[in-house]
Amino acid sequence: MTDASLSLTDRTTLEIREVFAGRRRGLGSALLFAGPAVIASIAYVDPGNFATNIQAGARYGYALLWVVVAANLVAMLFQALSAKLGIVTGRNLAELCRDEFPRPVVIGLWIASEGAAMATDLAEFLGAAIGLALLFNVPLLVGMIVTGIVTYGVLTLERGGFRPIELVIGGLVAAIGLCYFAEMFIAPVDWRAAAVHSIAPQLPDAMALTIAIGIIGATVMPHAIYLHSGLTQNRAPARNDRERRALVRFSNREVVVALAVAGLVNMAMVMMAAAAFHDGHSDVAEIETAYHTLTPLLGGGAAAVFLISLLASGISSSAVGTMAGQVVMQGFVGFRIPLWVRRLVTMIPAFVVVALGVNATNALVVSQVALSIVLPAPMISLVLFTRRRDIMGEFVNSRLTNAAAIVAAALILALNLVLLLQTFGVDIPFLPAS
C-alpha cells in the first residue's frame, strides 16, 4: 500500500512513528500531535461562554476579567492531567471511574455526567440555532433543525479516523479567534482597565458571584475533562515510557497553546461587551439583544462578525459535546448507542426550552451554573487517579501539581457552596446585595 492510498489518519499515525524514531523534527512534527487539546478547547469558547461573558461585560464592565483568567489557568491544569491520564493508562477518565470506584458511586457519577452533557448540549445547540436564526433571519426552530443536521454531518467525519475531525474543529476554532481579533479593532476597548481587572480580583455584588460561577462553569467544563482523556488514549499508542514521555510533553505544549487562545477569546468577549454595552446599555443580558444593540453602536460589520463567531462556536461545540457524551456513556456503563440517536436525544432539552417559551440566553446561563455544580466530580476523580503511582507509574503527579489541583477543586467547591447558600436566601457577609 502506497502513502497516497492511506487515509489522512493513517498517514498522521505513520508520521508520528517517524518522530518517535527520531527521523522527523521541527514545527511540522509538533503539529502532528496537535488535535486533542484543540478539540477540547472548543468547550471553552462555546455559546455558554458568549452568554456569561456578555452578561459579565455589560453589567460589570471589565471587573470580572480576572475570573476568566483564573478559570483558564485551572482549565489548563486539568486538561493537561486528563490528557496525561489517557496517554499513560490507555483508559479514559470514565473507564477508570468504572473500574476503581464502588458501583453506587459509578452510577451517581454517570447520572451527574449525563446531566452535565445534556446541559452542555443545551447551551451549544441553542447558541448555534440563535446564530443561524439571527444571521439569516429565520425562525429559531428552523435554526435548531439546521444546526442538528450540520452537527451530525461534522460528526460523521469520525468515520475517517481522528485527523479529519481534528482539522475541521481546528478550522472552526481559528474562525472564532479571528472574529474576536477583528472585534478588538472595532470596539473602543479601555486596555488599561482591562489589564488591571485581569489581575485584580473583586466581586461587586451577589449577582456577580452567580455570573462568576457561570463563567467558571462555561470555562472549566466536566465533559471536556472526560473527553480529553478519551481523545488521547488511543490516538498514538505509546509502546514504551520513552514514547509516553514524548506524548505527554507534546500534549502539555498543545494544552497551553490551545487553551491560551481560548482564554484570549473569552477575555475578548468580556472586553467587547464591556466596551460596547457597559456605559448606557448595562442591561444587555441576551445574545439577541447584544446583536441588535451592536448594529447601531459599532455597525453592521461588528454584529455580523459576532454572529459568525457564535455560529462557528455552536456547531463545533455541539459536535464535540456529542463526542463527549459517547465517551461518558461508553466509559461508565460500557454501552454505545448510534451517533444519530445520541444527537437526537441531546437535542430534546433545547426543543423543550424553546417550546416552553423560556428565554434562550437565561437558559444558557443557568446551564453553565449547573455545569459548575457538577464540575467537582470529574476534577476530584482526576486528581485521585493521577496522584496514584499504581495507576500512573513514573508519570504520577508531583507534589506541586497535586497541591495546585486540590486547591483549584476546593475553591470551586467553596464557590458552589456559596452559590447554593445564596440561592436559598442565606446572606453572604462579604458580598454586597445585587
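A residue counts as buried when its relative accessible area is under 20%. The views below are taken from a predicted model.

**View 1. Two buried cysteines in a structure with 0 disulfides.** C179 has a relative accessibility of 11%, which is under 20%, so C179 counts as buried. C97 is at 0% relative accessibility and therefore also counts as buried. A disulfide is a covalent bond between the sulfur atoms of two cysteines. The structure holds 0 of these bonds.

**View 2. F101 and F385, a stacked pair.** The structure holds 5 aromatic pairs. In the pair shown here, the ring centres of F101 and F385 are 5.2 Å apart. Their planes meet at 25 degrees, so this pair is stacked. The two residues are 284 residues apart and link distant parts of the chain. F101 is in the loop between α6 (93-100) and α7 (103-136), while F385 belongs to helix α18 (residues 376-386). F385 has a relative accessible area of 1% and is buried.

**View 3. F181 and F185, an edge-to-face pair.** The centres of these two rings, F181 and F185, lie 5.1 Å apart. The angle between their planes is 75 degrees, so the pair is edge-to-face. Both residues are in helix α9 (residues 162-186). They are 4 residues apart there, which means that about one helical turn separates F181 from F185. Are F181 and F185 buried or exposed? F181 is exposed, and F185 is exposed as well.

**View 4. An aromatic cluster with charges over one ring.** F20, F33 and F250 together form one aromatic cluster. Two arginines are placed over the ring of F250. R249 lies over the face of F250, 5.9 Å from the ring centre. R253 has its charged end over the ring of F250, at 5.7 Å from the centre.

**View 5. The largest cavity.** A search of the whole structure finds 2 cavities of 30 Å³ or more. The largest cavity contains about 130 Å³ of space. Which residues line the largest cavity? The lining is made of F33, P36, I87, T232, R235, A236, L247, F250, S251 and E254. F33 and F250, from the aromatic cluster, are thus named here again, as part of this lining. Helix α13 (residues 241-278) gives the largest share of the lining, 4 residues. By class, the lining has 6 nonpolar, 2 polar and 2 charged residues.

**View 6. The second largest cavity.** This cavity holds about 40 Å³ of space. V45, V173, I176, G177, V261, A262 and V265 form its lining. Two elements, α9 and α13, give two or more residues to the lining of this cavity. The lining divides into 6 nonpolar residues, 1 polar residue and no charged residues.

**View 7. T346 and T120.** T346 is located in helix α16 (residues 339-355). With a relative accessibility of 4%, T346 counts as buried. T120 is 226 residues away from T346 along the chain. The C-alpha atoms of these two threonines, T346 and T120, are separated by 9.2 Å.

Terms used:
Residues are numbered from 1 along each chain as its sequence is written. This is a predicted model: local features need pLDDT of at least 70, side-chain atom pairs count only at pLDDT 80 or more; totals for chains, interfaces and linings use all residues. Side-chain values use heavy atoms; hydrogens and water are left out. Rings of Phe, Tyr and Trp (its six-membered ring) pair if their centres lie within 6.5 Å; planes under 30 degrees apart count as stacked, over 60 as edge-to-face and the rest as tilted. Buried means under 20% relative accessible area, exposed over 50%, partly exposed in between (1.4 Å probe, protein chains only). A charge sits over a ring if NZ of Lys or CZ of Arg is within 6 Å of the ring centre and within 35 degrees of the ring normal. On a 1 Å grid over the protein atoms alone, a cavity is a set of points where a 1.4 Å probe fits but cannot get out, and a pocket is an open set with protein on both sides within 12 Å along at least five of seven lines; lining residues have an atom within 4 Å of a point. Grid points are joined across faces, edges and corners, and a volume is the space filled by probe spheres set on the points. Ala, Val, Leu, Ile, Met, Phe, Trp, Tyr, Cys and Pro count as nonpolar, Asp, Glu, Lys and Arg as charged, and the others, Gly among them, as polar. A disulfide is a pair of cysteine sulfur atoms within 2.5 Å.
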